[in-house]
Amino acid sequence: MSCDPDIFWNGLRRMAKHTRLKQVSLASLLLLCCAVLSPDIHAAPSEQPPARRSSVPKKRVQPGAVQKPVAQPAKAEKSAGTPSDGELVVPASTPDQGDMPKLHVGNLFHPKPGHRLTYWDGLEGHLSVEAGISGNPWTRSGRNFGQYYTDRANSFTLNQIMGSLSHPVTSVGGGYGIGFVLEAMYGSDARFDPTIGMGSGSLNSLYQWAPTQAHLDLHLPWLFRHGIDVQMGQMYGLMGAEGTPAQARPFYTFNYASDYIVPFETVGIVATMHLTKHMDWILGVDAGNSTTFGRSGNNNKPKGYFGFAFNHLLDGKLDIHALGHFGPQGNNGRATMSPDGWSSAGMGPLANEKMQYNGNIMAAYHVNKKVTVTVDGIYLHDDLTHDDVYGVSSYLAWAIRPWLTLNARGEIYRDNTGAVTAQYSSFTSYTRSLSNQPYPYYAAPPTTYGELTVGASYQPEFINKRLGLGALTLRPEIRLDKSLNGTHPFNQAGTVSNPIVNNGTNNMLWFSCDAIWAF
């Protein structure tokens, strides 16, 4: 979901605020608008790639994306035409090309072929369940250091039950389109995906709940030939290769950059202006990472996105995005102390002025229909805390069969101060850190991390043929994390008197597997 005693203590207090940095005239409206990264103006933002690429890394944020079954058919193209009177027509057959939008996997209504239907017949519902275990026989802390969602070693965990109600962006006449997404999650992952002021802190155990998406999606036929897509409300962050929903990433575990650098949740407005068929300009304004406004904000100063996306280059084989997120991210409250000695992350009024900069460049190249290579580079700098964190991750996905994809990931990640990469010790530590309340944690000295993960995404046909509803995916993996500069942050916990861990091991070998059922 955006540490040093005396030098360390100030850093420790502020650490939480940036771990998840896992937004009238027509011109001024555009500068406030927020956007869906959609290569085609009529493509529904809730659509996903074909099943054979279900484990290829995707942008952390495909605004409006709804998690659909991993074993779904190839996505249908949206129409280029505008049905009269705001109605859609279900064709009696599925032509290769036509003016009528097609129904999708997950439609709640199933009209008979040839029947005319209203806008609301396009309503979709989806549900996914993820559970898994991470085995680490060498840990002395019971935790996998450097992880949010898979932090609990040797414990079976119900990570997420995620449900959504949505409608793809669909023509309503005059070149305009409208859609929406409502989505919420329950499970252990919700500990790290709150949005302050939206049900945060209502549950305090290992299993919590969090609203994850609530936004209105519009297509506007303005200014450019391909128009503008606008998204307003709560949405996933736009940066990085790995998303919070289980089906938005190739592995059970996350890379460091997706946990500790990129924003996970934002509330605001984003606009994607389709300058050409292959080039989008992205602008957005938001309240900041995992916060809203007023008392639920961190400093009430605007933040936002600026960047470009290049879609389907080189005969459709290459996709690139270059995106930045900018604005003050510190909490402007005063730091407070708990009776047992933990500090909050408040930095006072100075937090209103000091900027934080996130930059992300990601390129995905489809070598052929079965092999995709992705490279993702992310950088963070904070003027308030003087933190610099950056990393490069590379991915290889090879779809050997429609039901089996092999995945590999390699990452180099650097935390120059050690204040960003931390373990949140209690069930509510992360939410408390965002809310400027004292919270327990432990961190590492400045460290360069290396990480190598290999695994598979397997959809057992002998089970899925008999399920009747949805599809099952199994994802085993083996992962090695290592300190490349001689520190020892792994497999050992810190304390309130010594929260900086350097007496553990310099590497962590662990084995994980999750199961996803989705429809």
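**Exercise 1. Work out what share of the protein's residues counts as buried.**

Start with the cut-off: buried means under 20% relative accessible area, exposed over 50%, and partly exposed in between, using a 1.4 Å probe and protein chains only. By that rule, 59% of the 519 residues are buried. Next, look at the outside: about 19,200 Å² is exposed, and carbon and sulfur atoms supply 63% of that area. Those areas come from the Shrake-Rupley method with a 1.4 Å probe, where only the protein chains shown count as cover for residues.

A word on the ground rules. Residues are numbered from 1 along each chain as its sequence is written, and side-chain values use heavy atoms, leaving out hydrogens and water. This is a predicted model, so local features need pLDDT of at least 70 and side-chain atom pairs count only at pLDDT 80 or more, while totals for chains, interfaces and linings use all residues.

**Exercise 2. Find where the model's confidence drops under 50.**

Confidence here is pLDDT, the predictor's own score for each residue, from 0 to 100. Overall, the average is 83, and 80% of the residues score at least 70. Now scan for the weak stretches: pLDDT stays under 50 over residues 1–64 and again over residues 70–101. Then count contacts (heavy atoms within 4.5 Å) beyond four places in sequence: the model has 300 of them for residues 1–64 and 72 for residues 70–101.

**Exercise 3. Describe the setting of T447.**

First place it: the protein has six helices and 20 strands, and T447 sits in strand β18, residues 447–458. (Helices are DSSP runs of H or I with at least four residues, strands are runs of E with at least two, and both are numbered from the N terminus.) Next, check its cover: T447 has a relative accessible area of 0%, so it is buried. Finally, list its company. Leaving out residues up to four places away in sequence, T447 touches Y413, R414, D415, S483, N485 and T487. A polar atom of its side chain also lies 2.7 Å from the backbone oxygen of P445.

**Exercise 4. Trace the salt bridges of R409 and R475.**

Side chains of opposite charge can pair when their charged atoms come close. The test is a side-chain nitrogen of Lys or Arg within 4 Å of a carboxyl oxygen of Asp or Glu, and the whole structure yields eight such bridges.

- Take E242 and R409: their closest N and O atoms are 2.9 Å apart. E242 is in the loop between β7 (228–236) and α3 (256–260), R409 is in strand β15 (residues 404–415), and 167 residues separate them in sequence. E242 is buried because its relative accessibility is 0%; R409, at 1%, counts as buried too.
- Move on to E451 and R409: here the closest N and O atoms are also 2.9 Å apart. E451 belongs to strand β18 and R409 to β15, 42 residues apart. Both partners are buried. Elsewhere, shared partners join E130, R249, R475 and D514 into one salt-bridge network.
- Finish with E130 and R475: the closest N and O atoms are 3.5 Å apart. E130 lies in β3 (residues 124–135) and R475 in β19, so the pair ties together parts that are 345 residues apart in sequence. Both E130 and R475 are buried.

Terms used:
A polar contact is a pair of N or O atoms within 3.5 Å; within protein, one must be able to donate a hydrogen and the other to accept it, and residues adjacent in sequence count only if both atoms are side-chain atoms. Contact means heavy atoms within 4.5 Å.
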